[in-house]
Amino acid sequence: VNLARVGRARVRLNRGDEAGAAADAAMVPDGFLYEFPYSSLDASTENKVHVLLERELMATVQPEYRNMAFQGQPDPRVDVFDLGVQGPGTDIQIWSTTKYSSLEAPVPVATWEEAQLIQAEVALNNGQLQQAVGFINALHAKVGLPDFVSNDAAEIREQLLYERAAELFLEGQHMQDLERFNLELIPAPGTPFYHGGFYGDQICFPLPDVEYLNNPNISR
C-alpha cells in the first residue's frame, strides 16, 4: 500500500496535482522503505550500477555529486570515492559509491524520505515556507546533518533541489526533476561528447520503432 502511495504521489506531482500528491505522501509512515533486491547468482540479477562503476569501469559519479556537504559537513547520503583508475581507453577518472557497494546491493524504489520531499515541494509551491523547511529538517535529523534555516523561497528551492539530489542519488529519478524544475542540463547541450558528437537537449526516452509501427495515433 505504501509503495502505491509513493508511486501515485510521484505521478500526481509530475502531473500538477499537488494536493493529491501531498495527501498521498502524508500517509507514508516514517521508516518506510521498498527496495528491488539483487544477487550475484546470475548476471541478470546483479546490481547493474555496481557493475558499471566497479567491474566494467564504464561509468563514473558526476563531479557535481563528489564532496557534497551541508554547512561544511559531508553528506552521508552521497558517500562517493575515487577508485584510482581510469575508464578503458579514456582519461576519465572513475568514481564509485558505497551506496551500491556490491553485486547484491538493493536499490530503493519508494521511501518515506521521498514522501517528505514531495510534501516539501508542495508546501514551497504554496508559499508555506516554514513547513517546507520542516520537511527538509526531518530528513537532516535522520542522517545527522544540521538544521536548515531560511525564510527565502528561492533559497529554500535551491536547498530542496540539493535534498532531492542527495536523497535520490542513483535511484533513477533525476530526469523528472530536470523537466519539472526546468533545470539546466549538465553537460550543456552542444558540449562535445568524449567519443565524438555532441550532447543534445533530449530529456525523454525515444519511442522504439515498434511503437510507431503498431500505433497509428503516434507520429514522428
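**Notebook: chain overview, helix α3 and Ser-96**

I began with the surface of the protein chain: the accessible area comes to about 12,700 Å², and 54% of that belongs to carbon and sulfur atoms. I note here that the model is a predicted one.

Next I looked up burial, and 35% of the 220 residues of the protein chain count as buried. For the overall dimensions I took the box along the principal axes, where the C-alpha atoms fill roughly 50 × 50 × 40 Å. I then checked the radius of gyration, which is 19 Å for the protein chain; a compact globule with 220 residues would have one near 17 Å, so the two agree.

I turned to the charges. The protein chain has 15 positive and 31 negative charges. Their mean positions lie 6 Å apart.

For the secondary structure I found eight helices and six strands in the protein chain. Read from the N terminus, the order of elements is α-α-β-α-β-β-β-β-β-α-α-α-α-α. I also looked at how contacts are spread along the sequence: of those between residues at least 6 apart, 60% join residues at least 24 apart.

**Helix α3**

I picked helix α3, which covers residues 48-55. Which of its residues are buried? I found His-50, Val-51 and Leu-53 to be buried. I followed the buried residues of α3 outward and saw them pack against two strands, β4 (80-86) and β5 (93-97).

I then went to the ends of the helix. At the N-terminal end, Asn-47 acts as the cap of α3, with a side-chain oxygen 3.0 Å from the backbone nitrogen of Val-49. Just after α3, I noted a positive phi of about 55° at Leu-57.

**Ser-96**

From α3 I moved to one residue of β5, the strand in which Ser-96 is found. Is Ser-96 buried or exposed? Its relative accessible area is 0%, so I entered Ser-96 as buried.

I looked up what the side chain of Ser-96 meets, and found a polar contact with the side chain of Glu-54 at 2.7 Å. Leaving out residues up to four places away in sequence, I listed the residues that Ser-96 touches: Leu-53, Glu-54, Val-61, Asp-79, Val-80, Phe-81 and Leu-83. I compared this list with my entry on α3: Leu-53, touched by Ser-96, is one of the buried residues of that helix.

Terms used: Residues numbered from 1 in each chain as written. Predicted model: local features only at pLDDT ≥ 70, side-chain atom pairs only at ≥ 80, totals over all residues. Heavy atoms only, no water. Buried < 20%, exposed > 50% of the residue type's maximum accessible area, 1.4 Å probe, protein only. Helix = DSSP H or I, 4+ residues; strand = E, 2+ residues; numbered from the N terminus. Contact = heavy atoms within 4.5 Å. Polar contact = N/O pair within 3.5 Å; in protein donor to acceptor, adjacent residues only side chain to side chain. Rg over C-alpha atoms; globule rule 2.2 N^0.38 Å. Areas by Shrake-Rupley, 256 points an atom, 1.4 Å probe, with all protein chains shown as cover. Lys, Arg positive; Asp, Glu negative; His and termini not counted. Charge placed at Lys NZ, Arg CZ, Asp CG, Glu CD.
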